[in-house]
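Work through the exercises below with the sequence and the model side by side. Try each task before reading its solution.

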Amino acid sequence: RLDRIFYYDIHGQYTESQSLGEEVKASKILEAKIFRSYSGTGIAVLTTAYRFFVIQDRPRRLADIPNIDCPPSSWIVIPDERGIKILVALGNDLYLVDGAHAERRIPPGNHRPDAYTEMAVSFDFRHLAMFGSNGYLWVGTADLREVFCEG
């Protein structure tokens, strides 16, 4: 079933399940990522309708990205003290998505790739690395306000 999360203990024994809701069930899951945050482990889900959901205690739909009509080239969960955000790349356009807003972001620097294809966040959630399809590498703060190196 593609509309439920099943939980197992460390010994592989089933413990419980949780529904992802009717909207996820209707549109199906395209991709899911497990993440850790300040409040524990969670799952982020991208549906075939290109909507993001975050599941920690309960499923929560994040803000819609305007005019999205194709799957992201890359995305990553970025936790902070206030909650969960997802950085979404649509080609070389970046959107920082939370429960209320999908804000377009332009990282500082002199270059941009054709498309961001890989992203990684540091263990303390403060730094971010992004790799582009043309070999471009950007390293900076996870809030995209400061660049440390690029090229």
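The exercises cover a pocket, two loop residues, the cysteines, the nonpolar cores and two buried residues, all in a predicted model.

**Exercise 1. Describe the largest pocket: its volume, its lining and the elements behind that lining.**

Step 1. Start with the volume. The largest pocket has about 390 Å³.

Step 2. List the lining. There are 20 lining residues. Nearest the centre lie Asp80, Arg82, Lys85, Ala142 and Asp143.

Step 3. Assign elements. Strand S7 (74-80), strand S9 (93-97) and strand S10 (102-105) each give two or more residues to this lining. S7 gives the most, with 3 residues.

Step 4. Sort the lining by residue class. The split is 11 charged, 7 nonpolar and 2 polar.

**Exercise 2. Where do Lys28 and Tyr50 lie, and what is the phi of each?**

Step 1. Take Lys28. Its phi is positive, about 75°, although Lys28 is not a glycine. Lys28 sits in the loop between helix H1 (22-27) and strand S3 (29-37).

Step 2. Check the exposure of Lys28. Its relative accessibility is 41%. The range for partly exposed runs between 20% and 50%, so Lys28 counts as partly exposed.

Step 3. Take Tyr50. Its phi is about 60°, again positive in a residue that is not a glycine. Tyr50 belongs to the loop between strand S4 (40-47) and strand S5 (52-55).

**Exercise 3. How many disulfides does the whole structure hold? Classify Cys70 and Cys149 as buried, partly exposed or exposed.**

Step 1. Search for sulfur pairs. A disulfide needs two cysteine sulfur atoms within 2.5 Å. The search of the whole structure finds 0 disulfides.

Step 2. Classify Cys70. Its relative accessible area is 35%, so Cys70 is partly exposed.

Step 3. Classify Cys149. At 41% relative accessibility, Cys149 is partly exposed.

**Exercise 4. Map the largest nonpolar core.**

Step 1. Count the members. This core has 18 residues.

Step 2. Find those with the most contacts inside the core. They are Phe52, Ile65, Trp75, Val77, Ile86, Val88 and Val97.

Step 3. Trace the core to its elements. S4, S5, S7, strand S8 (83-90) and S9 each supply at least two residues. S8 has the largest share, 4 residues.

Step 4. Look for another core. One of 14 residues lies apart from the largest core. Among its members are Ile78, Tyr116, Met130 and Ala142.

**Exercise 5. Give the element, burial and contacts of Val77.**

Step 1. Place the residue. Val77 is in strand S7.

Step 2. Test for burial. The cut-off is under 20%. Val77 has a relative accessible area of 7%, so Val77 is buried.

Step 3. List the contacts, leaving out residues up to four places away in sequence. Val77 touches Phe35, Ala44, Ile84, Lys85, Ile86 and Val121.

Step 4. Compare sequence with space. Val77 and Ile43 are 34 residues apart in sequence. Their C-alpha atoms are 9.3 Å apart.

**Exercise 6. Do the same for Ser37: element, burial and contacts.**

Step 1. Place the residue. Ser37 is in strand S3.

Step 2. Test for burial. The relative accessible area of Ser37 is 11%, so Ser37 is buried.

Step 3. List the contacts, again setting aside residues up to four places away in sequence. Ser37 touches Gln56, Pro79, Ile84 and Phe125.

Step 4. Set this beside Exercise 5. Ile84 is among the contacts of Ser37, and Ile84 is also among those of Val77.

Conventions:
Residues numbered from 1 in each chain as written. Predicted model: local features only at pLDDT ≥ 70, side-chain atom pairs only at ≥ 80, totals over all residues. Heavy atoms only, no water. 1 Å grid on protein atoms, 1.4 Å probe; cavity = no way out; pocket = protein on both sides within 12 Å on 5 of 7 lines; lining within 4 Å. Points joined across faces, edges and corners; volume = space filled by probe spheres on them. Nonpolar A, V, L, I, M, F, W, Y, C, P; charged D, E, K, R; others polar. Buried < 20%, exposed > 50% of the residue type's maximum accessible area, 1.4 Å probe, protein only. Core = buried A, V, L, I, M, F, W, Y, C linked by side-chain atoms within 4.5 Å. Contact = heavy atoms within 4.5 Å.
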